[in-house]
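Let's take a walk through this fold together, one element at a time. Keep the viewer open as you read.

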Amino acid sequence: MASPKQTVKEILEELPTLLAVAVVETETGMPLAAHSNLSDFDIDTAAAYNTEVVKQKLKAIKALNLNQTVQDILLTLTDQLHLIKLSPTGDKFIYLAVNSRDTNLAVARQILKGQTAVLA
């Protein structure tokens, strides 16, 4: 099992042009480890708001009585992709922000899939 810090380090090695990445505790919204390549990117605020996105989606699935789990959540902005990938247990998620011109979505998804599978 990889620690949150190791997970962030490995994602950064695979996607060095990322904008920001964080491993976030789902319950509290606190980043357990994070990195940003942008000085004005507030990773704590991003983690908190994206925690609300995760919680609301989980509530919606429950309210609709869907027998489903969230694989990932993709937010497409003007020139950025924000990807949220829950750990197998759902107690943590990885939040990744990348420039859509620099990063292939399929590659980013594959990297997060591998990292969440071993996230401690």
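## A ruler for helices

The expected span of a helix is 1.5 Å times one less than its number of residues. Please bear in mind that what you see is a predicted model. With that ruler, how far should the 13 residues of helix α3 (residues 105-117) span? The expected figure is 18 Å, and the end C-alpha atoms of α3 are indeed 18 Å apart, which agrees.

The same check can be made on helix α2 (residues 43-63): its 21 residues should span 30 Å, and its end C-alpha atoms lie 30 Å apart, in agreement.

## The sheet

Five strands make up an open sheet, ordered β2-β1-β5-β4-β3, with antiparallel pairing. At the edges sit β2 (31-36) and β3 (72-76), each of which pairs on one side only. On average, neighbouring strands of this sheet are turned by 10° against each other, direction ignored.

Now for the individual pairings. The antiparallel strands β3 and β4 (residues 80-86) are joined by five bridges, and Thr76 stands opposite Leu81 in β4. Seven bridges link β4 to β5, again antiparallel, while β1 and β5 run antiparallel with six bridges between them. Ala97 of β5 is a handy landmark here: Ala20 stands opposite Ala97, and Ala97 is also the bridge partner of His82.

## The enclosed strand

How many of the eight residues of β5 are buried? Eight of the eight are, so β5 is largely enclosed by the rest of the structure. Its side chains alternate in two sets: Lys92, Ile94, Leu96 and Val98 point one way, Phe93, Tyr95, Ala97 and Asn99 point the other way, and all are buried.

The hairpin of β4 and β5 has five residues between the strands, and in it Gly90 takes a positive phi near 80°. Ser87 also lies in the loop between these two strands. Is Ser87 buried or exposed? Its relative accessibility is 6%, and buried means under 20%, so Ser87 counts as buried. Leaving aside neighbours within four places in sequence, Ser87 is in contact with Lys92, Phe93, Thr116 and Leu119.

## Helix α1

Helix α1 (residues 4-14) lies across β1 (20-25), β2 and β5 (92-99), and runs at about 25° to β2. Its buried residues include Pro4, Thr7, Val8 and Ile11. Viewed down the axis of α1, the buried residues fall within an arc of 95°, so they line one face of the helix.

On the other side of α1 you will find Lys5 and Glu13, which are exposed. The cover over the buried residues of α1 includes β1, β2, β5 and α3.

## Helix α2

Helix α2 packs on the sheet and touches β1, β2, β3, β4 and β5, with its direction making about 120° with that of β5. Which residues of α2 are buried? They are Ile43, Ala46, Ala47, Asn50, Thr51, Val54 and Ile61. Seen down the axis of α2, these buried residues fall within an arc of 135°, so they line one face of the helix. They pack against β1, β2, β3, β4 and β5.

Tyr49, Lys59 and Ala63 are exposed on the face of α2 turned away from its buried side. At the start of α2, a side-chain oxygen of Asp42 comes to within 3.1 Å of the backbone nitrogen of Asp44. Just after α2, Asn65 takes a positive phi of about 55°.

## Helix α3

Back to the helix that opened this tour. The buried residues of α3 are Ala108, Ile111, Leu112, Gln115 and Thr116. Looking down the axis of α3, they fall within an arc of 125°, so they too line one face of the helix. Ala106 and Gln110, on the other side of α3, are exposed.

What covers the buried residues of α3 includes α1, β4 and β5. At the N-terminal end of α3, Asn104 acts as a cap, with a side-chain oxygen 2.8 Å from the backbone nitrogen of Ala106. One of the buried residues of α3, Thr116, is also among the contacts of Ser87 in the loop between β4 and β5.

Key:
Residues numbered from 1 in each chain as written. Predicted model: local features only at pLDDT ≥ 70, side-chain atom pairs only at ≥ 80, totals over all residues. Heavy atoms only, no water. Pairing = 2+ DSSP bridges. Helix = DSSP H or I, 4+ residues; strand = E, 2+ residues; numbered from the N terminus. Axes fitted to C-alpha atoms, helices over the stretch in contact; angles between N-to-C directions. Contact = heavy atoms within 4.5 Å. Buried < 20%, exposed > 50% of the residue type's maximum accessible area, 1.4 Å probe, protein only. Arc of directions from axis to C-beta. Polar contact = N/O pair within 3.5 Å; in protein donor to acceptor, adjacent residues only side chain to side chain.
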